[in-house]
Amino acid sequence: MTKAGGGFARLMNVERLGREPMSFDIRATEEECVALAAALDILGVSDVKASGSLMREGANGLVAVSGRISAMAVQACVVTLDPVSQAIDEEFTVFYTFDPRDITVEETEKVVGLDEPDPPTLITGGRIDLAEVIQEQIALALDPYPRRDDLPEAPVEAELDLEQAKKEQGVHQPFANLRDLMSKK
């Protein structure tokens with residue numbers, strides 16, 4: 001899997017996936033965790049475990065990959081750059097398709113809710129790389145702004161009156177006297 005740093009791949013052949021689900025249970029090795037951390041651009045990741053199943057969804061040919069992932073991730077604190085650990089334990093469901101027409105996005109505007117699934121990913125070569133799914137789920141679960149727990153809270157900026165702020169900054173208001181001029185007519 002090139003997206004996961006080349007050292008972590010779990011390919012599942014889904015061409016002959018029937019009505020019975022295929023289960024998976026993955027535990028990443030130490031070398032795979034190093035490759036995964038490098039691909040995610042974080043300090044480290046360990047204890048990566050994923051389990052679940054692949055199942056064909058009805059007559060439309062979609063393949064659903066559902067399961068649970070757990071891991072320990074270490075990122076740099078956004079304030080001090082010290083290591084900050086985070087436990088990840090997430091359930092997930094992602095969809096794949098054999099049909100390229102299923103992944104085309106219509107030109108019309110569409111609002112996608114948080115509860116709606118993402119569009120399916122195209123299956124290439126008849127295989128799904130579960131390591132890619134694991135990497136994506138860990139990336140989605142990571143804290144975007146990791147911060148040490150013992151740091152004081154960031155100070156809250158005092159709200160300023162907009163007009164007062166403009167006066168303090170000396171903002172030029174070219175139409176400020178227009179109302180006065182119009183009333184003199």
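Helix 1, which spans residues 30-40, lies across strand 2 and strand 3, and the helix runs at about 90° to strand 3. Helix 2, made of residues 130-141, also packs on the sheet, where it touches strand 2, strand 3, strand 4 and strand 5 (83-97). The direction of helix 2 makes about 130° with that of strand 5. These descriptions refer to a predicted model.

**The sheet**

Strands of a sheet pair through backbone hydrogen bonds, in either a parallel or an antiparallel manner. In this model, five strands form an open sheet with mixed pairing, and their order is 2-3-4-5-6. Strand 2 (22-27) and strand 6 (121-122) are the edge strands, each of which pairs on one side only. Within the sheet, strand 3 (residues 44-57) and strand 4 (residues 62-76) are antiparallel partners, joined over 12 bridges. One of the residue pairs can be named: Arg56 has Val63, in strand 4, as its bridge partner.

**The nonpolar core**

In soluble globular proteins, nonpolar side chains tend to be buried together. The largest nonpolar core of this model has 34 residues. Which of its members touch the most other members? They are Phe24, Val45, Val48, Leu54, Val65, Ile128 and Ile138. At least two core residues come from each of strand 2, helix 1, strand 3, strand 4, strand 5 and helix 2. Helix 2 makes the greatest contribution to this core, namely six residues.

Ile138 illustrates these contacts in detail. When residues up to four places away in sequence are not counted, Ile138 touches Leu36, Leu40, Val45, Val48, Ile69, Ala71 and Ile88. Two of the residues touched by Ile138, Val45 and Val48, are also listed among the core members that touch the most others.

**Two loop residues with positive phi**

Two loop residues deserve separate mention. Asp41 has a positive phi although it is not a glycine, and Leu81 likewise shows a positive value in a residue other than glycine. The table sets out their angles, places and accessibility.

| Residue | Phi | Place | Relative accessible area |
|---|---|---|---|
| Asp41 | about 60° | loop between helix 1 and strand 3 | 71% |
| Leu81 | near 70° | loop between strand 4 and strand 5 | 64% |

Why does Asp41 count as exposed? The cut-off for exposed residues is over 50% relative accessible area, and Asp41 is therefore exposed because its value is 71%. With 64% relative accessibility, Leu81 is therefore exposed as well.

Note on methods
Residues are numbered from 1 along each chain as its sequence is written. This is a predicted model: local features need pLDDT of at least 70, side-chain atom pairs count only at pLDDT 80 or more; totals for chains, interfaces and linings use all residues. Side-chain values use heavy atoms; hydrogens and water are left out. Two strands pair if DSSP finds at least two bridges between them. Helices (H or I, at least four residues) and strands (E, at least two) are DSSP runs, numbered from the N terminus. Contact means heavy atoms within 4.5 Å. Axes are lines fitted to C-alpha atoms, for helices over the stretch in contact, and angles run from 0 to 180 degrees between N-to-C directions. Buried means under 20% relative accessible area, exposed over 50%, partly exposed in between (1.4 Å probe, protein chains only). A nonpolar core is a set of buried Ala, Val, Leu, Ile, Met, Phe, Trp, Tyr and Cys residues joined through side-chain atoms within 4.5 Å.
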